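Please look over the chain shown here before reading on. The paragraphs below go from its charges to its overall form and then to its cysteines.

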Amino acid sequence: MGAGAEQERRDGLYRDPYPLYERARRAEGLVFVPEVGAWLVARDEDVREVLRRDGDFSSANALLPDVAVSEAALGVLAGGFGPQPTVVSSDGAAHRRHRAPLNRAMSTARSAALLPYARECARDLVAEVAGAGSAELVEAYARKLPGLVVGRLIGLDPADVPAAVHGGYRAEELLFRPLAPQEQVAAAEDVVALQQLLDGYVRERRARPREDLCSDLASAAAPPGAGLGLEERHELVAHLQNLLIAGFLTTGALIATTLLHLLSDRRQWELLCSDPALVPAAVEEGLRFDTAIQAFRRVTTRPVELAGTELPAGATLLVAYASANRDGRRYEHPAVFDIRRPAGPPHLAFGHGPHACPGAHLARGQLRLTLELFTGTLPGLRLDGTRPAPRMRPTLVHRSPEALYVTW
């Protein structure tokens, strides 16, 4: 099979992985998926077991790219900051060290303190949309709001947020989408520009700290009075880049995908408009039904048995949170999107165990206020029937519609 045909098969799988998940949940043991070179962990109990046992199932390969980066693009990246272990790709003591400042920065109290700013930004964006008569909500809203919020958390000047968001999306494209050689180079240049932007903030906040996450990280990176060495700057830029990308790509995808499912079922959209008390349930159903982070890779650190399948050390797993969220052993009618679903077992949209997402409260808050504002301001919102049907991006990370054209 040629490279183009292989990529087409993978894209088809990524655009709609749910039939594969269903087959894997019914199978005995684990299913090996050649398109991703990994054993698929699809059942809720097995996913939870892997996520609890980080000593046996390491996150070291969690951020490995889906595509090969060209030598020319690697040459460009060499002029920036090289890859460093982050909270996503580390385990044990290293993971706890990386995670500690994030837990403090994204505590429930600090996340709640950010939500008034998020609501103010969301009101402005919805007002811009409402004045137009029609819109494409991915670009006009879903990608903008989380960037502004995570930028505020880190301490970015609002004027720098668009460049930071652009660099984050380019990093995702470079690692997870096949690009022409020159486009890979251009994407790498955008990634290096993002790293340089963040490095400038790190050095400035080390000298003149403020009340923001960048200052917290920079202050903790070296003893008082000492300068930041290149190694410390590398690590800080890696942490900030990871947090920035995870913060706005995941939440933006969550917002766009939940709006898509609500608007695709007119009855549920109108029900939500007529009963705002259903917003919290709609948030949780959006998270469960079609979560932004479909899956992460893990690698076995020793020979283990999982779900009756014997795995050697070094085996790659694809741990599918989204599949677990549709496991019929845990949820009734799991393939149905229903905002009136009774409260039930917790879903895995934000992971489980040591790597559970520290930004869950902030992501939920942004989706909640989004649904409140759109249902209250634009109850007549509907998919634009004159445009092609929404199509999902071919990726298992940051799953969302490529575009969401609406009218009212």
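For counting charges, Lys and Arg are taken as positive and Asp and Glu as negative, with His and the chain ends left out. The place of a charge is NZ of Lys, CZ of Arg, CG of Asp or CD of Glu. In this predicted model, the chain carries 46 positive and 50 negative charges, and the mean positions of the two sets lie 3 Å apart.

The fold is built from 16 helices and 10 strands. With a radius of gyration of 21 Å, close to the 22 Å that the globule rule gives for 408 residues, the chain is as compact as a globular protein of that length. Along the principal axes, its C-alpha atoms fill a box of roughly 60 × 55 × 45 Å.

How much of the chain is buried? Of the 408 residues, 54% are buried. The accessible surface comes to about 17400 Å², and carbon and sulfur atoms account for 55% of that area. Contacts can also be sorted by separation in sequence: among those between residues at least 6 apart, 74% join residues at least 24 apart.

The cysteines come last. A disulfide is a covalent bond between the sulfur atoms of two cysteines. Counting a pair requires sulfur atoms within 2.5 Å, and by this rule the chain has 0 disulfides. Why does Cys 357 form no such bond? The closest cysteine sulfur, in Cys 214, is 20 Å from the sulfur of Cys 357, which is too far for a bond. Cys 357 is partly exposed, with a relative accessible area of 36%. Cys 273 is also partly exposed, at 22%.

Definitions and conventions: Residues are numbered from 1 along each chain as its sequence is written. This is a predicted model: local features need pLDDT of at least 70, side-chain atom pairs count only at pLDDT 80 or more; totals for chains, interfaces and linings use all residues. Side-chain values use heavy atoms; hydrogens and water are left out. Helices (H or I, at least four residues) and strands (E, at least two) are DSSP runs, numbered from the N terminus. The radius of gyration is taken over C-alpha atoms; the globule rule is 2.2 Å times the number of residues to the power 0.38. Buried means under 20% relative accessible area, exposed over 50%, partly exposed in between (1.4 Å probe, protein chains only). Contact means heavy atoms within 4.5 Å. Accessible areas come from the Shrake-Rupley method with a 1.4 Å probe; for residues, only the protein chains shown count as cover.
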